[in-house]
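Work through the exercises below with the sequence and the structure at hand. Each task is followed by a solution in steps.

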Amino acid sequence: MSAQQSASTAVQQTDPLALEKTIASSLKAAFPTAVKTANVVRRRRMRIECIPEATLDVLKYSKNQLGFDHLNYITAVDWGKAFDLVYNLWSIQKMVELEVKTKVAHGEKDELVDFPTSTGVYQAADWFEREVYDLFGIRFVGHPDMRRILLREDWTSHPLRKLYDRRGYPIDPKLGQPPPQTWRINEGKLSLPKKWLEEDPEIEENILTLNFGPHHPSTHGPMMVRARLDGEIIIDADVVIGYLHRNHEKLGENNTWIQLLPYPDRTNYVSPINWEWAYVMAVEELAGVEVPERAEYIRVIMAELDRIQSHLMYLATAGDAVGQLTGFVWGLRDRELVLDLNEMVCGARMLPNYFRFGGVNRDLPKGFAERTRQVVDTVEKHLEEFSYIYEKNPVFLKRFEGVGVLSPQDAVEWGAVGPGLRASGIPFDVRKDDPYSVYDRFDFDVPVGKHGDNLDRFMMRVEEIKQSISIVRQALKDLPSGPYQGKAPTLSIPEGEASSRVETPRGEGSYYVVSNGSPRPVRMKIKSAAFINVYVAKRMMIGQKLQDALVILGTWDPVLGEIDR
Amino acid sequence: MNTQITLTGIIVFIERNVYLRFLLVAIVAFIIVSIGSLIELYIERKFWARIMSRYGPTEVGKFGTLQLIADAVKFLVKEDFSPAAADKTIYNLVPVFSVTVSFASLLAIPFDYTVASLFPSSLHPLTFVASNFDPSLLVAFGFFALEPLIVLFGGWAAGGKYTLIGGFRSAAQLISYEIPLVLSFLSVVVLAQSLNLFQIIQTQAHSWPFAVLAFPAFITFTVALLAELERTPFDLTEADTELVSGWNTEYGGTKFLLVYLSEYIRAFAGSAILVSLFLGGWLGPAPIPPLIWLFLKTIIVFTVLVWIRAAYPRVRIDQMLALGWRILIPVSAVWLILTPFVAHVAMMHGALA
């Protein structure tokens with residue numbers, strides 16, 4: 001969303017920033033000395049800065065008193081002498097985003113810095129803190145499981161610190177360590193019920209630990225699920241990720257803004273367009289670029305088509321997870337149709353590289369509208385066919401209905417986003433709650449589930465395909481003429497920071513970019529939806545049967561490119 | 001004239017030697033099952049592919065018919081590999097036993113009669129029929145029920161965790177689905193008053209097919225058979241998305257070929273038993289040779305199994321056991337108790353001879 005548009009919506013309402021101002025003033029009032037600044041960036045987005053000692057109290061207050069119940073991400077920015085530690089919170093009730101920033105000083109060398117953990121406030125902080133520990137070397141004291149997550153266990157350095165180059169070697173060899181030559185996975189300790197250990201101290205060796213992956217049909221990529229089994233029931237589970245880690249965030253710091261345009265495609269290769277949008281939107285907000293109306297409509301059409309094909313991919317893998325291979329092939333068959341449209345528009349099927357700052361790469365080709373209408377008609381018709389092997393099929397219902405129930409409280413507390421969160425009854429959709437681009441002009445529903453079970457999570461995808469088809473039709477009808485590319489800077493992006501929020505098929509995805517005016521970003525943080533969803537899936541697996549656990553993991557639709565980045 | 005005398009001599013010799021007769025049966029059954037499993041594999045790949053809106057094999061041979069041969073050759077020339085943790089003796093023997101046992105259950109199915117009936121009656125074809133012995137149904141099932149035990153051994157001996165879980169699932173499946181299977185065919189035995197498959201088929205010549213007379217048993221038998229054949233929705237022993245390939249994960253090359261082949265031989269045997277028990281075996285209205293009838297029916301039954309595979313996902317292990325113990329066993333047991341009365345009523349109305 002461009003700054004002008006948000007300003008124009010702000011004018012229309014009486015006092016659009018009233019809510020944000022109240023929150024800011026109440027934070028100021030509660031912490032007169034601890035909160036240094038409290039700014040309203042724009043509508044539904046505010047940023048506060050506080051002293052490190054009071055950060056936990058501010059978080060607690062924000063969660064309990066102000067209703068910021070959803071932790072989006074935790075990340076850090078290295079400024080050479082100190083980190084900016086950033087907590088991004090979201091209030092599902094008030095629909096406001098709150099960014100809590102604090103300074104953590106660090107030495108010249110690559111040494112660990114201690115900071116109190118926030119897992120006591122937000123359970124979702126578990127994996128985010130591990131990631132920050134892994135890449136920045138901030139050790140969160142009191143964290144239940146403080147070990148690396150994206151890098152290997154034997155890695156000694158923290159590559160997102162500025163003292164490392166893009167290959168992970170220290171620029172000054174005295175200050176840091178080079179990458180290790182060994183290879184050990186992040187093997188966490190799996191626990192057993194205390195009662196069992198008391199009864200039989202040697203039980204540790206007699207319990208089967210099964211490793212699913214990293215090469216396994218059900219993990220959707222190189223990911224490992226370690227499960228401790230009691231018969232067919234999982235007592236404890238751990239998910240090992242990082243096999244596909246390329247450190248996109250470090251790549252972000254070593255390329256110019258415009259060079260980074262193709263990278264979001266590789267972040268999530270199943271829904272590339274939405275991720276391109278997330279990156280482009282963040283940079284546009286930072287540079288104050290205005291996007292022409294036609295470009296916005298083209299973006300909406302392409303993003304919704306992208307959502308359709310990504311969800312079709314989910315319908316395929318949902319079948320695969322329960323041995324329904326017919327559905328698998330059907331899903332891929334229909335996805336091909338949408339990928340053909342991608343090819344028609346931008347020449348590539350999977351990694352389109354279509355969005356540009358201030359617009360798109362090229363205009364829609366001739367005959368695109370008719371072809372798209374045909375494709376969405378076909379997909380809509382095929383959804384009916386799908387229903388016979390899926391939601392109307394008794395055996396499929398046996399595997400999906402009432403299995404893997406996630407309560408709304410847990411869903412929010414564990415940080416779930418996207419269709420999985422909505423299946424638990426929380427109607428959080430960025431397109432509705434924090435509308436970007438021209439989404440406020442379209443008439444569509446946000447499907448919400450009742451039970452939060454596998455079937456609901458499955459049905460969310462089916463319903464969202466229908467909604468996306470409706471949006472595509474509306475956008476094609478209203479598609480305005482005009483330029484498809486606005487004026488945009490190529491090299492120099494003004495100093496500052498910005499973050500975007502996009503409803504990707506797997507949930508809210510966002511780019512947090514920091515610029516100091518140079519051609520390269522200081523920091524490019526990718527908030528992955530699948531990353532936190534897999535954490536939720538891991539929590540849900542415990543206590544489930546072996547067969548159900550993998551179906552549950554599947555309903556969160558993990559894409560390893562996005563999880564590992 | 002001379003040749004005829006010699007031929008008669010040979011016939012008499014074979015007739016009198018029970019071992020030779022069984023050897024003949026074995027050869028006949030081997031030829032039939034070889035052709036049968038090739039056709040099955042082709043149907044599995046082509047019919048299933050069409051349901052999925054794929055093409056299946058197209059490149060090797062006309063309509064991809066030679067693809068199976070190409071696959072077999074590929075498996076045969078692969079390295080003979082065995083995992084370090086495996087119990088080598090059992091691990092290597094399991095594929096061999098698997099094929100042998102699957103094949104052995106075919107001996108009791110009267111294929112030899114259908115072949116013999118192709119020859120003129122002057123050769124006294126019926127005297128060749130070795131499968132016409134009294135408890136032939138029990139023999140067929142005896143061999144049929146051995147396979148899950150071999151799967152358990154195979155899973156254990158391969159020394160992998162996936163194979164172990166697959167093997168134990170198979171043991172659970174064996175225990176819970178053998179019972180409804182036997183209870184279901186017992187009601188057919190009551191109707192036909194014989195444990196001889198030959199007799200059971202002959203009885204159906206003068207009565208309605210047992211699929212109609214013993215409809216509930218037909219349904220429970222089919223479901224239990226699906227589980228016994230370890231096919232979707234009961235393919236938990238090889239659940240490919242959970243256990244990679246289940247109990248045969250660690251089997252490769254020629255060993256895998258044998259394991260794979262034994263599955264289809266078993267499927268053929270199971271379908272043939274189903275056809276013999278419930279669908280009248282070689283009997284049919286049109287003047288087609290009995291061999292073709294039996295073969296055709298068996299293949300059609302198998303095609304239905306493929307269809308079920310295409311339409312249904314896999315059930316969970318506890319759901320499968322619950323279906324076996326709580327539904328199939330009570331239904332088939334109750335039906336077995338009711339069968340004498342049904343037989344009585346059917347006889348009064350001429351539906352059963």
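A residue counts as buried if its relative accessible area is under 20%, and as exposed if that area is over 50%. The model is a predicted one.

**Exercise 1. Decide whether A:C50 and A:C346 are buried or exposed, and state how many disulfides the structure holds.**

Step 1. A:C50 has a relative accessible area of 1%, so A:C50 is buried.
Step 2. For A:C346 the relative accessible area is 8%, so this cysteine is buried as well.
Step 3. Over all chains, the number of disulfides is zero.

**Exercise 2. Classify the aromatic pair formed by A:W277 and A:F355.**

Step 1. Ring centres must lie within 6.5 Å for a pair, and planes over 60 degrees apart count as edge-to-face.
Step 2. Over all chains, this rule yields 46 aromatic pairs.
Step 3. In the pair of A:W277 and A:F355, the centres are 5.9 Å apart and the planes are at 70°, which makes it edge-to-face.
Step 4. This pair links distant parts of the chain: A:W277 belongs to helix α9 (residues 272–287) of chain A and A:F355 to strand β11 (residues 355–356) of chain A, 78 residues apart.
Step 5. Both A:W277 and A:F355 are buried.
Step 6. The two residues also belong to one aromatic cluster, whose members include A:Y297, A:Y354 and A:Y436.

**Exercise 3. Classify the pair formed by A:F396 and A:F400, and state where the two residues lie.**

Step 1. Planes under 30 degrees apart count as stacked.
Step 2. The rings of A:F396 and A:F400 are 4.2 Å apart, centre to centre, with 20° between the planes, so the pair is stacked.
Step 3. Both residues lie in helix α13 (residues 394–400) of chain A, four residues apart, about one turn of the helix.
Step 4. An α-helix has 3.6 residues a turn, so residues three or four places apart point the same way.
Step 5. A:F396 counts as buried because its relative accessibility is 0%. A:F400, at 1%, is buried too.

**Exercise 4. Check the length of helix α4 (residues 88–104) of chain B against the expected span, and find its kink.**

Step 1. The helix has 17 residues, so at 1.5 Å a residue it should span 24 Å.
Step 2. Its end C-alpha atoms are 25 Å apart, which agrees.
Step 3. A kink of about 35° is found at B:V94, shortly before the proline B:P95.
Step 4. B:V94 and B:P95 are among the buried residues of α4(B), as are B:Y91 and B:S98.

**Exercise 5. Do the length check for helix α10 (residues 293–321) of chain A, and state how many of its residues are buried.**

Step 1. With 29 residues, α10(A) reaches 42 Å from its first C-alpha to its last, close to the 42 Å expected.
Step 2. Of the 29 residues, 27 are buried, so α10(A) is largely enclosed by the rest of the structure.
Step 3. A:G323 follows the helix and has a positive phi, near 80°.

**Exercise 6. Which ring does the charged end of A:K63 sit over, and which ring does that of B:R266 sit over?**

Step 1. The charged end of A:K63 sits over the ring of A:Y122, 5.5 Å from the ring centre.
Step 2. In chain B, the charged end of B:R266 sits over the ring of B:F144, at 4.4 Å from the centre.

Technical notes
Residues are numbered from 1 along each chain as its sequence is written. Chains are lettered from A and ligands numbered from 1 in the order in which they are written. This is a predicted model: local features need pLDDT of at least 70, side-chain atom pairs count only at pLDDT 80 or more; totals for chains, interfaces and linings use all residues. Side-chain values use heavy atoms; hydrogens and water are left out. Rings of Phe, Tyr and Trp (its six-membered ring) pair if their centres lie within 6.5 Å; planes under 30 degrees apart count as stacked, over 60 as edge-to-face and the rest as tilted. Buried means under 20% relative accessible area, exposed over 50%, partly exposed in between (1.4 Å probe, protein chains only). A charge sits over a ring if NZ of Lys or CZ of Arg is within 6 Å of the ring centre and within 35 degrees of the ring normal. A disulfide is a pair of cysteine sulfur atoms within 2.5 Å. The expected span of a helix is 1.5 Å times one less than its number of residues. The bend at a residue is the angle between axes fitted to the seven residues ending there and the seven starting there.
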